[in-house]
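User: Could you take a close look at one part of this model for me? I would like to understand the disulfide and the elements around it.

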Amino acid sequence: MGTSSTTANIAPLKTVCVGRYTIDIPHSATNVRLTQSFKGINIDVFYPANRQRLHDETIHKVASAAEVTDFQPKRIDSQAGSTTDSVQVWQSGADLYSVHGTTLKQDAGFLFSIEVMGESVQGAKVAMSQLMQTIRLRDPFAVPTEQGFCIERGFIPGGYAGGETASISADLTAPDASLMMSTNTEAKNTGGNVIVRMSSLPLPLANLVSSDTEILRRGGKIVAGRDGDEYDYAVKQSKEVSLEWSALTGNDHATEPTMKISMDTRSAVSESARPALMTLWDDVLKSVKRR
């Protein structure tokens, strides 16, 4: 478990490694979940897992994709690299193929998936096989000291490789809220930052938002060395609170990915309880660091 910090009147925080960043979340957080991709390869993690579960999850993923495309998938290649690793290739379109790889690290199962054109199938298989050999098992709250990319229950050592996305979501009990942080090195900055998006709403919607919400705080804010924008508001009728900070992708995708951190309450927050909520929010933002 990483180093903890404490906020006045708030439960201690614990550090979680997410991609190439760390963030502190309350010890009481539940349903803590990481999702990720590396070199454009999506990575699903299952725990506890065995070979049968990984096989079943692969078939389920192929079938779910087929429901969206209405194309009957066909397996055209399957190979086992070891007793714990395997790679399958499925045709998922006219010249479209889905490559799926699985590896088992003790009782943690990793499912890798990417969709490519026919000419890129072999390269995808090679990249996936290398990834399966490189990945290390990691305790969920361990923060590695060496350079690398943290995924759920795993760690990929090394420098920036392109196509990296990582996110964490968690449920909080005090306050009753959801917390989320995401990073994406390939985002296109569509729509601008959060303040631009809120300021450019169509006039009828802007008037509705203005009359129904109370702005708690908005403006520029530096988080993890990144220039970003914060937009926090409370809904007047329900008294629920929404807090968001975001930064757009910079010129250096490796060190300046698109980032978003948000906290949304699921129940009313009285005015007297807002200072404690904002203190927790500030501590979470201050805790975010690039490893």
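Analyst: Happy to. A disulfide here is a pair of cysteine sulfur atoms within 2.5 Å. Please keep in mind that this is a predicted model. By that cut-off the structure holds one disulfide, formed by Cys17 and Cys150 with their sulfur atoms 2.1 Å apart. The link of Cys17 and Cys150 is right-handed, with 85 degrees about the S-S bond. It connects distant parts of the chain: Cys17 sits in strand E1 and Cys150 in strand E10 (residues 148-151), 133 residues apart.

Are these two cysteines buried or exposed? Buried means under 20% relative accessible area. Cys17 counts as buried because its relative accessibility is 0%, and Cys150 counts as buried because its value is 1%. For the chain as a whole, buried residues make up 45% of the 291 residues.

Now to the sheet that holds Cys17's strand. Three strands form an open sheet in the order E1-E2-E18, with antiparallel pairing. Strand E1 (13-18) and strand E18 (289-290) are the edge strands, each pairing on one side only. Strand E2 (residues 21-26) is joined to E18 by two bridges, and E2 and E18 run antiparallel. Here Tyr21 stands opposite Arg290 in E18. Helix H5 (residues 274-287) lies across E1, E2 and E18, running at about 155 degrees to E2.

Following H5 outward brings us to charged pairs. Side chains of opposite charge can pair when their charged atoms come close. Arg274 meets Glu214 in a salt bridge (3.3 Å, N to O). This pair also links distant parts of the chain, as Glu214 lies in strand E14 (residues 213-223) and Arg274 in helix H5, 60 residues apart. Arg274 is buried, with a relative accessible area of 12%, whereas Glu214 is partly exposed at 33%.

The loop between strand E17 (258-265) and H5 brings another pair: the side chains of Arg266 and Asp176 meet in a salt bridge (3.1 Å, N to O). Arg266 lies in that loop and Asp176 in strand E13 (residues 176-184), so the pair ties together parts that are 90 residues apart in sequence. Both partners are partly exposed, Arg266 with a relative accessible area of 39% and Asp176 with 31%.

These salt bridges belong to a wider set, as a search of the whole structure finds 11. The disulfide's long reach also has a wider setting: among contacts between residues at least 6 apart in sequence, 53% join residues at least 24 apart.

Terms used:
Residues are numbered from 1 along each chain as its sequence is written. This is a predicted model: local features need pLDDT of at least 70, side-chain atom pairs count only at pLDDT 80 or more; totals for chains, interfaces and linings use all residues. Side-chain values use heavy atoms; hydrogens and water are left out. Two strands pair if DSSP finds at least two bridges between them. Helices (H or I, at least four residues) and strands (E, at least two) are DSSP runs, numbered from the N terminus. Contact means heavy atoms within 4.5 Å. Axes are lines fitted to C-alpha atoms, for helices over the stretch in contact, and angles run from 0 to 180 degrees between N-to-C directions. Buried means under 20% relative accessible area, exposed over 50%, partly exposed in between (1.4 Å probe, protein chains only). A salt bridge is a side-chain nitrogen of Lys or Arg within 4 Å of a carboxyl oxygen of Asp or Glu.
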